[in-house]
Amino acid sequence: MNKKKIALITGAKKGIGLETARQLGKQDVTVLVGARGAGKGKAAVQKLRKEGIDAHAIEIDVTDPASIKSAADQVERDFGRLDILINNAGVMLDDKEKKPSEQSLDVWRKTFDANLFGLILTTQAFLPLLRRSEAGRIVNLSSILGSITYHAQPGSPIYESKSYAAYNVSKSAVNAYTVQLAYELKETNIKVNAAHPGWVKTDMGGAGATMELEGGAKTSVELATLGADGPNGAYVHMGESLPW
Ligand SMILES: NC(=O)c1ccc[n+]([C@@H]2O[C@H](COP(=O)([O-])OP(=O)(O)OC[C@H]3O[C@@H](n4cnc5c(N)ncnc54)[C@H](OP(=O)(O)O)[C@@H]3O)[C@@H](O)[C@H]2O)c1
């Protein structure tokens, strides 16, 4: 078996996904840069290759089942297995002027399509390839905004952050799914964990965010490269557990 690890990162043409690909690539992992739209990952791949990273573009739109299937077929054909799946693609579509009860159902549906159902379908499609790995790792990009405990707790860091209800609840669902899947996989070589990257300067996080990209990719990279003694079914930011 080719000993070099192979990682697929969805939504990796920019932001935390691209930086995660870079940091994994620097650890000698072959990185498959997932991006939606034909040729969209190519510029990112070229950038990474110039830095000496073994990077390949994979077209994958996590809201399109046909695109997910064709990405899984491509990885099977070209690599025969997958060691790391980082479900990084995500959207934040809420109208931040609206209260939780006012966000449109369209926003709820589109948010869940990408952040939850897309993540589930991508995981289902790649699980057979991860089962062929000696140590499969799945990292689900959650957020501290998915913590129901913090949302219900006056004075918590996010108690007042109710302007993104659809996004917040989609990430709570990602957490819940992570726990379900971790239970299913507990006797296997695969570990699945949820990551809060921090509040990171990206198109989604905005310029006012407190963390740079480099730090923002650290939790994903750490969970992607866990040893056999690492956690399964955890919700983590920078090595520390978050309350569900
Ligand atoms: N930034 C933060 O502070 C922060 C905090 C907590 C959690 N997160 C999570 O971290 C992850 C990465 O966020 P980011 O800040 O790097 O955001 P970003 O810069 O907006 O990047 C999001 C990526 O997801 C891709 N994407 C969106 N919908 C997709 C779809 N249907 N199929 C495939 N790719 C899709 C985007 O592609 P396009 O360019 O084609 O739109 C983009 O590459 C997200 O899951 C986010 O919720 C971020």
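Around the ligand in this predicted model stand 28 residues, and those that come nearest are Lys-13, Asn-88, Tyr-167, Val-200 and Thr-202. These five are a good place to rest your eye before following the rest of the shell. By type, the shell residues divide into eleven nonpolar, eleven polar and six charged.

Now look at the backbone. At Val-200, a backbone N or O atom lies 2.7 Å from an oxygen atom of the ligand. Gly-11 also places a backbone N or O atom by a ligand oxygen, here at 3.2 Å, and for Gly-198 the corresponding distance is 3.4 Å. With the protein in place, 92% of the ligand's accessible area is covered, out of the 890 Å² that the ligand has on its own.

Which elements give two or more residues to this shell? They are helix H1, which runs over residues 15-26, and helix H6, over residues 165-185.

Let us step back to the space itself. The ligand takes up the largest pocket, whose volume is about 1200 Å³. Its lining consists of 46 residues, and lying nearest the centre of the pocket are Gly-90, Tyr-167, Thr-202, Met-204 and Gly-205. You have met two of these names already: Tyr-167 and Thr-202 are also among the residues that come nearest the ligand.

You can trace the lining through the elements as well. H1 and H6 return here, each supplying at least two residues, and so do strand S2 (30-35) and helix H4 (105-130). As for the character of the lining, its residues divide into 22 nonpolar, 15 polar and nine charged.

To find all this on screen, start from Val-200 with its backbone atom 2.7 Å from a ligand oxygen, then move to Tyr-167, one of the residues nearest the pocket centre, and finish with H1 and H6, which give residues to the shell around the ligand.

How values were computed
Residues numbered from 1 in each chain as written. Predicted model: local features only at pLDDT ≥ 70, side-chain atom pairs only at ≥ 80, totals over all residues. Heavy atoms only, no water. Near = heavy atom within 4 Å. Polar contact = N/O pair within 3.5 Å; in protein donor to acceptor, adjacent residues only side chain to side chain. Areas by Shrake-Rupley, 256 points an atom, 1.4 Å probe, with all protein chains shown as cover. 1 Å grid on protein atoms, 1.4 Å probe; cavity = no way out; pocket = protein on both sides within 12 Å on 5 of 7 lines; lining within 4 Å. Sits in = over half its atoms within 2 Å of the grid points. Helix = DSSP H or I, 4+ residues; strand = E, 2+ residues; numbered from the N terminus. Nonpolar A, V, L, I, M, F, W, Y, C, P; charged D, E, K, R; others polar. Points joined across faces, edges and corners; volume = space filled by probe spheres on them.
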